[in-house]
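Thanks for coming. I will go through one model, a few residues and elements at a time, and you can follow on the screen.

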Amino acid sequence: MPKSKAIKPHWQMSGITAEPVEDYLYSMLPPRDEVLTKMEEEAARRKIPIVGPAVGRILHQLALMIGAKTVFEMGSAIGYSTIWWARAVGTGGLVFYTDGDRKNAEEARGYFEKAGVAPRINMSTGDALELLSEHKQEFDIIFNDVDKEDYPRVLRLALPRLRKGGLFVTDNVLWSGRVAQNNPDKTTKAILEFNHLLYSSPDLFTTILPIRDGVAVAVKT
């Protein structure tokens with residue numbers, strides 16, 4: 001009998017990379033620890049948006065590459081990507097968790113405690129753009145994963161709050177391939193505008209990584 005095809009978790013997504021290549025990339029990933037594995041299972045079961053392990057490793061690696069100690073995360077959900085950041089910044093580092101849903105924050109807090117990274121995380125609930133605007137300090141990394149129609153506004157807010165040499169990282173910039181389709185809807189138009197702003201900014205050097213749903217990495221020059 002033919003071997004049944006495994007059902008992919010909701011967070012893995014498809015349509016950007018050729019499916020056999022995507023399957024290979026995910027098959028190469030080392031196993032995650034108990035906390036991240038539990039979060040991946042819950043995200044798949046309840047269709048919670050998380051970046052997944054392939055992107056999580058990119059986030060972690062980016063932080064290590066620039067020796068990041070401060071990360072402001074916009075749109076943290078249950079805190080999956082937050083844990084990747086928190087482990088990368090290490091002892092003495094600080095990750096700012098933001099989410100508009102208090103239930104998400106409560107669930108995330110439990111995971112942070114189990115992962116042993118709670119002391120490295122500053123948690124706030126509310127509008128991520130408003131929370132960022134309240135900060136006057138510069139961050140090593142700002143991670144953008146809010147409502148897509150807000151993306152252009154996020155760039156204008158984030159740039160002054162990012163140190164020179166810091167990274168502005170954004171998820172979902174290829175939007176399941178819809179950025180390449182004709183007659184884009186309102187949300188896709190916002191992402192298209194955002195991507196154009198990223199690449200045309202004289203203050204940023206940007207590359208879009210075509211993994212999962214597209215990750216934009218911009219360094220402030």
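Where does D140 lie? The answer is strand β4, which covers residues 139-144. Before going on, note that this is a predicted model.

D140 has a relative accessibility of 12%, so it counts as buried, the cut-off being under 20%. A polar atom of the D140 side chain is 3.0 Å from the backbone nitrogen of T70. T70 is also among the residues that D140 touches, leaving aside those up to four places away in sequence. The others on that list are I66, A68, K69, L162, R163, G166 and L167.

Next, salt bridges. How many are there? The count comes to 11.

I will show three of them. The side chains of R45 and E42 form one, at 2.8 Å from N to O. Both residues belong to helix α2, residues 34-46, and they are three residues apart, about one turn of the helix. Are the two partners buried or exposed? R45 has a relative accessible area of 61%, so it is exposed. E42 is at 10% and therefore counts as buried.

In the second one, K148 meets D145 through their side chains, with 3.0 Å between N and O. K148 is buried, as its relative accessible area is 12%.

The third is between R212 and D171, whose closest N and O atoms are 3.2 Å apart. This pair links distant parts of the chain, with 41 residues separating the partners. D171 is in strand β5, residues 162-171, while R212 is in the loop between β6 and β7. Both R212 and D171 are buried.

There is also a network: salt bridges with shared partners join K38, E42, R45, R46 and E107.

Now helix α5, residues 102-115. Why does its length agree with what is expected? At 1.5 Å a residue, its 14 residues should span 20 Å, and the end C-alpha atoms are 20 Å apart, so the two values agree.

Which residues of α5 are buried? They are N104, A105, E107, A108, Y111, F112 and A115. Looking down the axis of α5, these buried residues fall within an arc of 165°, so they line one face of the helix. On the other side of α5, the exposed residues are R102, K103, E106, E113 and K114. The buried residues of α5 pack against α2, α4, β2 and β3.

The two ends of α5 have details of their own. At the start, a side-chain oxygen of D101 comes to within 2.8 Å of the backbone nitrogen of K103. Just after the helix, G116 has a positive phi of about 75°.

Last, the strands β6 and β7. In a regular strand, side chains alternate between the two faces of the sheet. Along β6, L204, T206 and I208 point to one face and are buried. F205, T207 and L209 point to the other face and are not buried.

How do β6 and β7 pair, parallel or antiparallel? They pair in the antiparallel sense, over six bridges. One residue to pick out is F205, whose bridge partner in β7 is V219. The two strands form a hairpin with five residues between them. In that turn sits R212, with a positive phi of about 55°. This is the R212 that forms a salt bridge with D171.

Terms used. Residues numbered from 1 in each chain as written. Predicted model: local features only at pLDDT ≥ 70, side-chain atom pairs only at ≥ 80, totals over all residues. Heavy atoms only, no water. Helix = DSSP H or I, 4+ residues; strand = E, 2+ residues; numbered from the N terminus. Buried < 20%, exposed > 50% of the residue type's maximum accessible area, 1.4 Å probe, protein only. Polar contact = N/O pair within 3.5 Å; in protein donor to acceptor, adjacent residues only side chain to side chain. Contact = heavy atoms within 4.5 Å. Salt bridge = Lys/Arg side-chain N within 4 Å of Asp/Glu carboxyl O. Expected span 1.5 Å × (residues − 1). Arc of directions from axis to C-beta. Pairing = 2+ DSSP bridges.
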